[in-house]
Amino acid sequence: MNLLAIETSTEACSVALVHGDEVIARSEIAPRRHAELVLPMANGLLAEAGLGRHALDAIAVGRGPGAFTGVRLGISLAQGMALALDRPVVTVSSLAALALEAPEDDAAILAVIDARMGEIYAASYRRDDNGGLVSLDDERVCTAESLALPKADAWHVVGTGWATYAEVLGHRLTGALHSSNGACFPQAEHVAELAVREFRAGHALAPELALPVYLRDKVALTLAEQGR
């Protein structure tokens, strides 16, 4: 199959193309430049693979959570491309895509994104026998201090939330910390990997049904809150 994936929910802007058994991707840490980078990245990948847009079977996108502007941009682009091509959209959790940055073993994975305003986006996973992911809890937005995790003997932690709240999160783990990486972001190649599974399972959506996941509806602190 041919599938184009977009991930713009964090500082990282990335696009990936599944072409048969091959996956090619481009990624750049580029805060506030996603809008100017995504389409040239996509066109470059299609040209590299020798494909036209109408050869695509589906468009995949990281649906969030993450930065409001980035999540909206990714969903809007995926919807627009899918509508123009009359193709379905596959939405993938940006936290699940982030979890695939962790080492491949039996340890539980905490995917955690710095949500700003003193909060984090978080979800826990474990790899299944086929290389996919099993959710251990729900995606949520909360403070690092209030994060409650399921029982696990060992943990990998990935994402910018660890870079900001490593000490606090370390105390929230319910088992040994096997690895941590606070410098990784959700990537389109992992969105593509999960989207192929979803597409083959029949979970593709009509473009208008592809919706963002924000987890919270407040994007800024008031002046009083900033002072506190």
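**Exercise 1. Salt bridges**

With which residue does Asp-114 form a salt bridge, and how far apart are the closest N and O atoms?

*Solution.* The model is a predicted one, in which local features need pLDDT of at least 70 and side-chain atom pairs count only at pLDDT 80 or more, while totals for chains, interfaces and linings use all residues. Residues are numbered from 1 along each chain as its sequence is written, and side-chain values use heavy atoms, with hydrogens and water left out.

Step 1. Begin with the general idea: side chains of opposite charge can pair when their charged atoms come close. The rule applied here asks for a side-chain nitrogen of Lys or Arg within 4 Å of a carboxyl oxygen of Asp or Glu.

Step 2. Apply the rule to Asp-114. The partner is Arg-116, and the closest N and O atoms are 3.2 Å apart.

Step 3. Consider the surroundings of the pair. A residue is buried under 20% relative accessible area, exposed over 50%, and partly exposed in between (1.4 Å probe, protein chains only). Asp-114 is buried, at 11%, whereas Arg-116 is partly exposed, at 49%.

Step 4. Extend the pair. Glu-11, Asp-114 and Arg-116 are linked in a network of salt bridges.

**Exercise 2. Further charged pairs**

Determine how many salt bridges the rule yields, and describe the pairs of Glu-48 and Arg-33.

*Solution.* Step 1. The count comes to eight salt bridges.

Step 2. Glu-48 meets Arg-26, with an N to O distance of 3.5 Å. Glu-48 belongs to helix H1 and Arg-26 to strand S3 (residues 22–29); the two lie 22 residues apart, and the pair links distant parts of the chain. Helices (H or I, at least four residues) and strands (E, at least two) are DSSP runs numbered from the N terminus. Glu-48 is exposed, at 52%, and Arg-26 is partly exposed, at 34%.

Step 3. Arg-33 meets Glu-28 at 3.0 Å, N to O. Arg-33 is partly exposed, at 33% relative accessibility, and Glu-28 is partly exposed as well, at 30%.

**Exercise 3. Packing of two helices**

Describe how helix H1 packs with H2.

*Solution.* Step 1. Two packed helices are described by the angle between their axes and the distance between the axes. Here the axes are lines fitted to C-alpha atoms over the stretch in contact, and angles run from 0 to 180 degrees between N-to-C directions.

Step 2. Helix H1 (residues 34–49) and H2 pack at about 35°, and their axes are 11 Å apart.

Step 3. List the residues in contact (heavy atoms within 4.5 Å). H1 contributes His-34, Ala-35, Val-38 and Leu-39, and H2 contributes Leu-73, Leu-77 and Met-81.

**Exercise 4. Unusual backbone geometry**

Which residues are joined by a cis peptide bond, and where does Asp-86 lie?

*Solution.* Step 1. The cis peptide bond joins Gly-64 and Pro-65, with omega about 5°. Pro-65 is placed in the loop between strand S4 (58–62) and helix H2 (68–85).

Step 2. Asp-86 has a positive phi of about 55°, although it is not a glycine. Asp-86 lies in the loop between H2 and strand S5 (89–92) and is exposed, at 66%.

Step 3. Leu-215, another residue other than glycine, has a positive phi near 70°. The loop between helix H5 (188–200) and helix H6 (223–227) holds Leu-215, which is partly exposed at 32% relative accessibility.
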